[in-house]
Amino acid sequence: MTRPLLAGVCLLAALLGCSATPPAVATPPAVSAQPAPSAESSSGAASPVAGVQYHATELRPGDCIEPIPESFMVTVVPCTVPHSAEYGAMYVIADGPWPGMAEMRRLSENGCAPRLRYVASRREEVGLMQLIPLEQDWPRNRTAYCLAVAGNGGKLVGHVLK
């Protein structure tokens, strides 16, 4: 499964030269887009729902994620299976000095909330979560990734965003 790369990576690819075969290094070293290792149990049998791991910069609206990510590396799974979140949009936080974690959460929530378009019949069952940059990544990384999550802390099945 191939995924389109974001504009910054595409610019890098354009500068390196385009060909039918992508270069061996298609993303900057800080943005690894390697697929997740094969999802096999200790017995060697494949798991029933194998996801593919991507960096958050590679997410497309409507991608379903399981489990809730602890970093910017996320595992994308089919939306037909129970999942923890659905990616909807990104929001770039204004440049400036590091605002602190509490303010970062507020800024990202205020930026993400109006960008998510919920399926009307599912609006009441979902909440908002953001993947946000940390102080050590600031100001190089100012992007918040906006996710719809189950409001009750459970799992989602199917799409909740338009």
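Reader: What share of the 162 residues in the chain is buried?

Author: Buried residues make up 36% of them. Keep in mind that this is a predicted model.

Reader: Why is D63 called buried?

Author: The cut-off for buried is under 20% relative accessible area. D63 has 8%, so the label fits. You'll find D63 in the loop between β1 (52–55) and β2.

Reader: And what does the side chain of D63 reach?

Author: The backbone nitrogen of R60, at 2.8 Å. A polar contact needs a pair of N or O atoms within 3.5 Å, and 2.8 Å falls inside that limit, so this pair passes on distance.

Reader: Is R122 buried or exposed?

Author: Buried: its relative accessible area is 16%, and the cut-off is under 20%, so R122 qualifies. R122 belongs to the loop between α2 (101–112) and β5 (126–131).

Reader: Which residues is R122 in contact with, leaving aside its neighbours within four places in sequence?

Author: V157, G158, H159 and V160. Contact here means heavy atoms within 4.5 Å.

Reader: How do you know that β4 and β6 pair?

Author: Pairing takes at least two bridges between the strands. Strand β4 (residues 85–92) and strand β6 (residues 143–150) have 7, so they count as a pair, and the sense is antiparallel. Look at M90 too: it stands opposite Y145 in β6.

Reader: What makes the sheet open, and what is its strand order?

Author: The order is β1-β3-β2-β4-β6-β5, with antiparallel pairing across 6 strands. At the edges stand β1 and β5, each with a single partner strand, so one side of each has no neighbour in the sheet.

Reader: Where does α2 lie?

Author: Across β4, β5 and β6, running at about 125° to β5. Along the chain, the elements go α-β-β-β-β-α-β-β from the N terminus, which gives 2 helices and 6 strands.

Reader: Where in the chain is confidence lowest, and where is it highest?

Author: The low end is helix α1 (residues 7–16), with a mean pLDDT of 30, and the high end is strand β2 (residues 64–65), at 98. Over residues 1–48 pLDDT stays under 50, and for that stretch the model has 39 contacts beyond four places in sequence. The chain as a whole averages 76, and 70% of the residues score at least 70.

Reader: What share of the contacts between residues at least 6 apart in sequence joins residues at least 24 apart?

Author: That share is 59% in this chain.

Conventions. Residues numbered from 1 in each chain as written. Predicted model: local features only at pLDDT ≥ 70, side-chain atom pairs only at ≥ 80, totals over all residues. Heavy atoms only, no water. pLDDT = per-residue confidence, 0-100. Helix = DSSP H or I, 4+ residues; strand = E, 2+ residues; numbered from the N terminus. Buried < 20%, exposed > 50% of the residue type's maximum accessible area, 1.4 Å probe, protein only. Polar contact = N/O pair within 3.5 Å; in protein donor to acceptor, adjacent residues only side chain to side chain. Axes fitted to C-alpha atoms, helices over the stretch in contact; angles between N-to-C directions.
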